[in-house]
Amino acid sequence: MGWVSTPELTAATANAGGLGILASGTLTVAETEAAILRTKELTDAPFGVNVRGDAPDVGERAELLKKHGVRVASFALAPKERVIRDLKDAGLVVMPSIGAKRHAEKVAAWGVDAVIVQGGEGGGHTGSVPTSVLLPQVVDAVDIPVIGAGGFHDGRGLVAALAYGAAGVAMGTRFLLTSDSPVPDAVKQEYLKRGVNDTVVTSVLDGVPQRVLRTELVDQLIGRGAASRLTRSVRHAVAFQKMSGTPWRDIVREGLAMKKTHELSLGQVIMAANTPMMLRSSMVDGRVDLGTLASGQVAGVIDDLPSCAELLARIIAQAEAVLARMQA
């Protein structure tokens, strides 16, 4: 949810009774601190901050969460065990996202408080096992709360997740498509007009499988040769470095960490520079022709843009109606 889960969307979710998660993966450390402070201005409710577990400055970011009293540390990739212990000792709830049973078992053994389990239907970086198979598998494997993700958008899905044994659900695409989301209206309309078969999972963007809306740009990238994609990626790496001010030594260090974690080739590591700039082009600048649109398959069944408050009230009402019907 980089460029999407801003302080405004995070606070709107929290104020509506959900757990808003601030995205920091596309922010510098200084920008992350400013975003945390802005979120605290907008809500008194608990919220979380998502951090890349393999980021070279993960320790510095963890200190920010402790310094400002953030309640939940969310991780796109689980950090090292010492980071988890440090955050837990400070009283934070640590909740990484995982996409496989073995990953859930590993982080549970490290002492995390909960896991978000994303099935293959989910948007962005994702696996191949559908939520309906992965979620109950993980619930049976660990003794901590499990949050289901991937394919959820309404009260029926919430009840289904609870039936599988989950403690709740997490939603990305559904909150991207709200009136509180900062995404340009033209981009939101691009999502709303799509069907459930209008996404594709591809590794050409950054070397790791991710689900995005199928667009003319995505089709072009898939059809291009590796050399052409690599040239484009180098340009994006340079652009992101200039925009963010991140020292090249940190970019190189992060790239090497990604190479080791995901077993990527050097070319794929360079391609990973695509993600921040291509997401920014679409989610901030509204340029669908230049950027990618991370999306879960659930975009194909979403047809409106409610506020976060309206959305959560509707989900709860739907869930209660489903439970009442089942009891009857």
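## Strands and their sheet

Two strands count as paired when DSSP finds at least two bridges between them. With that in mind, welcome to this structure, which is a predicted model.

Let us begin with one pair of strands. Strand β7, covering residues 146-149, runs parallel to β8, and 3 bridges join the two. A149 has its bridge partner in β8, namely A170.

## The wider sheet

This pair belongs to an open sheet of 7 strands. Reading across, the order is β1-β2-β3-β4-β5-β7-β8, with parallel pairing. The edges are held by β1 (21-23) and β8 (168-170). Each of these edge strands has a single partner, so one side of each is left without a neighbour in the sheet. On average, neighbouring strands here are turned by 30° against each other, direction ignored.

## Where two helices meet

Now for a pair of helices. Helix α7 spans residues 155-164 and helix α15 spans residues 308-327; their axes come within 7 Å and cross at roughly 60°. The two helices are therefore oblique to each other. The crossing in which α7 passes α15 is right-handed.

## Who makes the contact

On the α7 side, the contact is made by G155, R156, L158 and V159. Facing them from α15 are I315, I316, Q318, A319, V322, L323 and M326.

What classes of residue does the contact of α7 with α15 have? There are 8 nonpolar, 2 polar and 1 charged residues.

Methods: Residues numbered from 1 in each chain as written. Predicted model: local features only at pLDDT ≥ 70, side-chain atom pairs only at ≥ 80, totals over all residues. Heavy atoms only, no water. Axes fitted to C-alpha atoms, helices over the stretch in contact; angles between N-to-C directions. Helix = DSSP H or I, 4+ residues; strand = E, 2+ residues; numbered from the N terminus. Parallel < 35°, antiparallel > 145°, perpendicular 65-115°, else oblique. Left-handed = near helix turned anticlockwise from the far one by under 90°. Contact = heavy atoms within 4.5 Å. Nonpolar A, V, L, I, M, F, W, Y, C, P; charged D, E, K, R; others polar.
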